[in-house]
Amino acid sequence: MLVVSNIDLTTDLPTMKPSTFLESSIKDFTLNINNDYRYLKTGYYVSLHAEILGNPVIPTSENLVDAYRTPILLLRASKAGIPTIPYIVTGSVKQIMAEVGFPTVLFAVNPFSYDGFKIAKNRSALYRAVKSLEMNYKFPVCAQPLQGEVTSFKSIFGKCEMDRKIREISEMVYEVFGIPLCKLHVQRVEKEAYLCGLQPLRKEELSPKDLKVISEEIWQISKNGEHRVG
């Protein structure tokens, strides 16, 4: 197993930097550990390069492209049985007010914005949020009704330190998309939880404890041969 990581891990297993891997032609199962897998980022290119070489890889480039586009994330998650809240994709503020109402939680669909979400509780806030996320009306947004509160947390190989409902969502998202490191946004509504969105982690968000968990998961995958691909 070949571990390619842009993060300094504590594992004893040999790891390779992304820049070195991207210049190589090594053929082996590839585990791509990166804090940011967005399209056109290094983490994405590592998975793509592994696929070009014919290597089985976690995560796959297809899953990466899908997971970071909120409407596709929610569509595939819903089909897989992960709880989600109805949403619309639109560039129209009037449509959001008519079909979603207030308060609403908004995610960007454009490929350049990835830092979380915006909540609008009234008309003027909605106009400001949509204008920002649409990049001056160039792209639509993904709008969901805010029925509870949004909780954001780190998901590491599908594991997180949250309550049972959220842990189940985190595990299922990993089962579907196979993304080792990400931040998930989940809406809590009474005792239930619903997936809202996904975004990359910043390196500084990873604690020494997180690095230990990552290294343990890598070791388990290496030991058990769980070379699952997406």
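## Working through a predicted model

Start with T70: setting aside neighbours within four places in sequence, this residue is in contact with F107, A108, C142, Q144 and C196. Keep in mind that the model is a predicted one.

**Exercise 1. Find out where T70 sits and whether it is buried or exposed.**

Step one is the element: T70 belongs to helix α4, which covers residues 70–79. Step two is the accessibility. The cut-off for buried is under 20% relative accessible area. T70 has 5% relative accessibility, so it counts as buried. Step three is to add the contacts, among them F107 and C196.

**Exercise 2. Work out the strand order of the open sheet and say which strands stand at the edges.**

Begin with the order: the 4 strands of this open sheet run β2-β1-β3-β4, and the pairing is parallel. Now look at the ends. β2 (15–16) and β4 (57–58) each have a single partner strand, so one side of each is left without a neighbour in the sheet. As background, strands of a sheet pair through backbone hydrogen bonds, either parallel or antiparallel.

**Exercise 3. Trace how β1 is joined to β2 and β3, and which way its side chains point.**

Take β2 to begin with: 2 bridges join it to β1 (residues 2–5), and the two strands run parallel. Here V3 has T15 as its bridge partner, while V4 stands opposite M16. Then turn to β3, which is joined to β1 by 4 bridges, again in parallel. On that side, the bridge partner of V3 is L31.

Next come the side chains. In a regular strand they alternate between the two faces of the sheet. In β1, L2 and V4 point one way, V3 and S5 point the other way, and all are buried.

**Exercise 4. Say which residues make the nonpolar surface patch, and place L40.**

The patch is made by L22, Y39, L40 and Y45, and has an area of about 380 Å². For L40, check the elements on either side: L40 lies in the loop between β3 (30–33) and α2 (42–52).

**Exercise 5. Check the overall size against a compact globule.**

Count the elements before anything else: the protein has 8 helices and 11 strands. Its C-alpha atoms fill a box of roughly 55 × 35 × 30 Å along the principal axes. For 230 residues, a compact globule would have a radius of gyration near 17 Å; the protein has 18 Å, which agrees. To round things off, 50% of the 230 residues count as buried, and 66% of the contacts with a separation of 6 or more are between residues 24 or more positions apart.

Conventions. Residues are numbered from 1 along each chain as its sequence is written. This is a predicted model: local features need pLDDT of at least 70, side-chain atom pairs count only at pLDDT 80 or more; totals for chains, interfaces and linings use all residues. Side-chain values use heavy atoms; hydrogens and water are left out. Patches are made of residues with over 30% relative accessible area and no salt bridge: like charges are joined within 9 Å, nonpolar side chains (Val, Leu, Ile, Met, Phe, Trp, Tyr) within 5 Å. Accessible areas come from the Shrake-Rupley method with a 1.4 Å probe; for residues, only the protein chains shown count as cover. A salt bridge is a side-chain nitrogen of Lys or Arg within 4 Å of a carboxyl oxygen of Asp or Glu. The radius of gyration is taken over C-alpha atoms; the globule rule is 2.2 Å times the number of residues to the power 0.38. Buried means under 20% relative accessible area, exposed over 50%, partly exposed in between (1.4 Å probe, protein chains only). Contact means heavy atoms within 4.5 Å. Two strands pair if DSSP finds at least two bridges between them.
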